[in-house]
Amino acid sequence: MKISKYLHSCLLFELDGYQLLFDPGKFSFAEGLVTPQLFVDVRTIVITHIHPDHFDIDILKSIVELSGAVVVTNSQVGRELDKINLKYILLEEGTHRAGPFKLQAFPVRHELIMDNPLPQMTGFLINNKVLHPVDSMEEKLLNFKGIELLIMVSMAPFANEPTISAFADELYPKQILPVHDGFAKDFFILQRYAAYKKHFDKQGIKFHEIYKVGDGISI
């Protein structure tokens, strides 16, 4: 399984020639470094929640028109898609198959954001190897302790590094792929990722310093 990052929280999963895209939101496309044309071969698109850094209706529509991809999402996002008659598969809890990918979906609580209502958000376990808790660090996620790969928020208005690292330490994945960094300059990302790597090296957890468009890992 190959996982490539397209800025912030936009992730492309590839396995056996099948492409699965998560959260092509506004932050990833803001500077023109990422375009819908990059995803013409995507077969399924998962939208985890309604926040604009994860979901932009015009961007999503453009990718679907180019690729013919199936959209998988929850009911809050679905209500927005209904307004433009964009079809989707409703998935809030349970298992869904997308080609060679097994998506185990479950509701997760978004971390608190100042003066903002919490959205409906869906987390995922992918092929029993990758935990994608999105913007959540709630306690129930520790049931996945020892998972092969954690998709980890690295910086956010709702969290700080001690809180993030403590959550990951307790979850104790074998590897970490950081996301949620699309609002930071490269020099700052490099500095903070070096700090994360130093911390997680001490824990015996492999931290991947991935931030450039299209860079990724294979597991």
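Which residue just after α2 takes a positive phi? In this predicted model, the residue is Gly68, with a phi of about 75 degrees. The close-ups below start at that helix and then move on around the chain.

**View 1. Helix α2 has its buried residues on the same side.** Look for Ile59, Leu60, Ile63, Val64 and Ser67, the buried residues of α2. They cover an arc of only 130 degrees around the axis, and that's why they end up on the same side of the helix. An α-helix has 3.6 residues a turn, so residues three or four places apart point the same way. Packed against the buried residues of α2 you'll find β3 (18-22), α1 (26-29), β4, β5 (70-73) and α3 (75-82). Flip to the other side of α2 and you meet Asp58 and Glu65, both exposed.

**View 2. The two ends of α2 each have a detail to check.** At the start of the helix, Asp56 reaches in with a side-chain oxygen, which comes to within 3.1 Å of the backbone nitrogen of Asp58. Just past the helix sits Gly68 with its positive phi, the one from the opening question.

**View 3. His51 meets His110 from a loop.** The loop in question runs between β4 (44-46) and α2 (57-67), and His51 is found there. Loop or not, His51 counts as buried, because its relative accessibility is 14% and the cut-off for buried is under 20%. The side chains of His51 and His110 are joined by a polar contact of 3.4 Å. Setting aside neighbours within four places in sequence, the residues in contact with His51 are His110, Ile113, Pro117 and Pro119.

**View 4. Phe22 and Phe124 pair edge-to-face.** The model has 12 aromatic pairs. In this one, the ring centres of Phe22 and Phe124 are 5.4 Å apart, with 80 degrees between the planes. The pair ties together distant parts of the chain: Phe22 belongs to strand β3 and Phe124 to strand β9 (residues 121-126), 102 residues apart. Phe22 is buried, with a relative accessible area of 0%, and Phe124 is buried too, at 1% relative accessibility. Zoom out a little for the cluster, in which ring pairs link Phe13, Tyr18, Phe22, Phe101 and Phe124.

**View 5. Phe200 and Phe207 make a stacked pair.** Here the planes are 15 degrees apart, and the centres are separated by 5.9 Å. Both Phe200 and Phe207 are buried.

**View 6. Helix α4 also keeps its buried residues on the same side.** In α4 (residues 161-171), the buried residues are Ile164, Ser165, Phe167, Ala168 and Leu171. Why do they count as lying on the same side of α4? Because they cover an arc of only 155 degrees around the axis. Among the elements covering these buried residues are β10 (130-132), β11 (149-153), β12 (175-179) and α5 (186-203). Just after α4, look for Tyr172, which takes a positive phi of about 50 degrees.

**View 7. The largest pocket is lined by 17 residues.** How much space lies in the largest pocket? The figure is about 300 Å³. Nearest its centre, among the lining residues, are Leu7, Glu31, Gly182, Ala184 and Asp186. Helices α1 and α5 each supply at least two residues of the lining.

Methods. Residues are numbered from 1 along each chain as its sequence is written. This is a predicted model: local features need pLDDT of at least 70, side-chain atom pairs count only at pLDDT 80 or more; totals for chains, interfaces and linings use all residues. Side-chain values use heavy atoms; hydrogens and water are left out. Helices (H or I, at least four residues) and strands (E, at least two) are DSSP runs, numbered from the N terminus. Buried means under 20% relative accessible area, exposed over 50%, partly exposed in between (1.4 Å probe, protein chains only). A polar contact is a pair of N or O atoms within 3.5 Å; within protein, one must be able to donate a hydrogen and the other to accept it, and residues adjacent in sequence count only if both atoms are side-chain atoms. Contact means heavy atoms within 4.5 Å. The arc is that of the directions from the helix axis to the C-beta atoms. Rings of Phe, Tyr and Trp (its six-membered ring) pair if their centres lie within 6.5 Å; planes under 30 degrees apart count as stacked, over 60 as edge-to-face and the rest as tilted. On a 1 Å grid over the protein atoms alone, a cavity is a set of points where a 1.4 Å probe fits but cannot get out, and a pocket is an open set with protein on both sides within 12 Å along at least five of seven lines; lining residues have an atom within 4 Å of a point. Grid points are joined across faces, edges and corners, and a volume is the space filled by probe spheres set on the points.
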